[in-house]
Amino acid sequence: MGDLRKMVWSMLAISVLLYTLVSAVNEDLLFVNYHIHITNDVPNDLPPGIPSLRVHCKSGDRDIGEKEMFPHEDYTWDTKIDLFRTTLFFCNIWWEGKQQYIEAFKALRDEHRCRKHHNSCLWSVRDDGIYFSNDNSNWYNAYPW
């Protein structure tokens, strides 16, 4: 009886794994290269040559790094989605004494919505928060300060 139960659980686990793999491959999502962009659109009252914004982005196993950004500068990287759709990149953003944590790319949330505009997730840091767009036309304040 114990062997039968182990065999059933093993078959169930293999079925779930195969379903996940087949559905991902069918949608071709494992092979899509996503582009994440964070643009500095905050007002800058600092003297020329002094960055006004700091951004640090990473995932559980990949540190994109910290960057001091000048006005209208773009912080960008690419990623693919892992087999189990757990890919997550998060960022800390600092500007004039304010700090905000954002999930810049979350596979289950972004695998479809960011395919609309050249597989890009677009973020704009502004004086009232961090805005998101998946078409570079319509923006909404996803993370207010």
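In the predicted model, Ile130 is bridged to Tyr143 of strand β9. This bridge belongs to the antiparallel pairing of β8 with β9 (residues 140-144), which extends over four bridges. The two strands form a hairpin with six residues between them, and within this hairpin Asn136 adopts a positive phi near 65 degrees.

On the other side of the pairing scheme, strand β7 (residues 120-126) is also joined to β8 in the antiparallel sense, here over five bridges. Leu122 lies opposite Ser133 of β8. The hairpin formed by β7 and β8 has two residues between the strands. Strand β8 (residues 129-133) is largely enclosed by the rest of the structure, because five of its five residues are buried. The threshold applied here is a relative accessible area under 20%.

These hairpins are part of an open sheet of five strands with mixed pairing, arranged in the order β4-β1-β7-β8-β9. The edges of the sheet are occupied by β4 (74-79) and β9; each has a single partner strand, so one side of each is left without a neighbour in the sheet. On average, and with direction ignored, neighbouring strands of this sheet are turned by 20 degrees against each other. In general, the strands of a sheet pair through backbone hydrogen bonds, in either a parallel or an antiparallel manner.

The sheet is set within a protein chain of two helices and nine strands. Read from the N terminus, the elements follow the order α-β-β-β-β-β-β-α-β-β-β. Of the 145 residues in the protein chain, 36% are buried. Among contacts with a separation of 6 or more, 51% involve residues 24 or more positions apart. The protein chain has an accessible surface of about 8500 Å², and carbon and sulfur atoms contribute 57% of this area.

Thr79 provides an example of contacts made from an edge strand. Thr79 is located in strand β4 and is classed as buried because its relative accessibility is 8%, under the 20% limit. Although Thr79 and Asn33 are separated by 46 residues in sequence, their C-alpha atoms are 5.7 Å apart in space. When residues up to four places away in sequence are not counted, Thr79 touches Val32, Asn33, Tyr34, Ile36, Arg62, Thr87, Phe89 and Phe105.

Aromatic side chains were examined next. A pair of aromatic rings is described by the distance of the centres and the angle of the planes. The structure holds eight aromatic pairs. One of these is formed by Trp95 and Trp145, with a centre-to-centre distance of 6.0 Å and an angle of 35 degrees between the planes, a tilted arrangement. The pair links distant parts of the chain, since Trp95 lies in strand β5 (residues 88-95) and Trp145 in the segment after β9, 50 residues apart. The two partners fall into separate accessibility classes: Trp95 has a relative accessibility of 6% and therefore counts as buried, whereas Trp145, with a relative accessible area of 26%, is partly exposed.

Ring pairs also link Trp123, Phe132, Tyr140 and Tyr143 into a cluster. In addition, Arg126 is positioned relative to two aromatic rings. Its charged end sits over the ring of Tyr131, at 4.3 Å from the ring centre. The charged end of Arg126 likewise sits over the ring of Trp139, at 5.2 Å from the centre of that ring.

Positive phi values were also found in two loops that flank strand β5. Arg85, in the loop between β4 and β5, has a phi near 60 degrees, a positive value in a residue other than glycine. With a relative accessible area of 13%, Arg85 is buried. Glu96, in the loop between β5 and β6 (98-106), likewise has a positive phi, about 45 degrees, although Glu96 is not a glycine. The relative accessible area of Glu96 is 48%, so this residue is partly exposed, a class that ends where values over 50% count as exposed.

Conventions
Residues numbered from 1 in each chain as written. Predicted model: local features only at pLDDT ≥ 70, side-chain atom pairs only at ≥ 80, totals over all residues. Heavy atoms only, no water. Buried < 20%, exposed > 50% of the residue type's maximum accessible area, 1.4 Å probe, protein only. Pairing = 2+ DSSP bridges. Phe/Tyr/Trp six-rings, centres within 6.5 Å; stacked < 30°, edge-to-face > 60°. Lys NZ or Arg CZ within 6 Å of the ring centre and 35° of its normal. Axes fitted to C-alpha atoms, helices over the stretch in contact; angles between N-to-C directions. Contact = heavy atoms within 4.5 Å. Areas by Shrake-Rupley, 256 points an atom, 1.4 Å probe, with all protein chains shown as cover.
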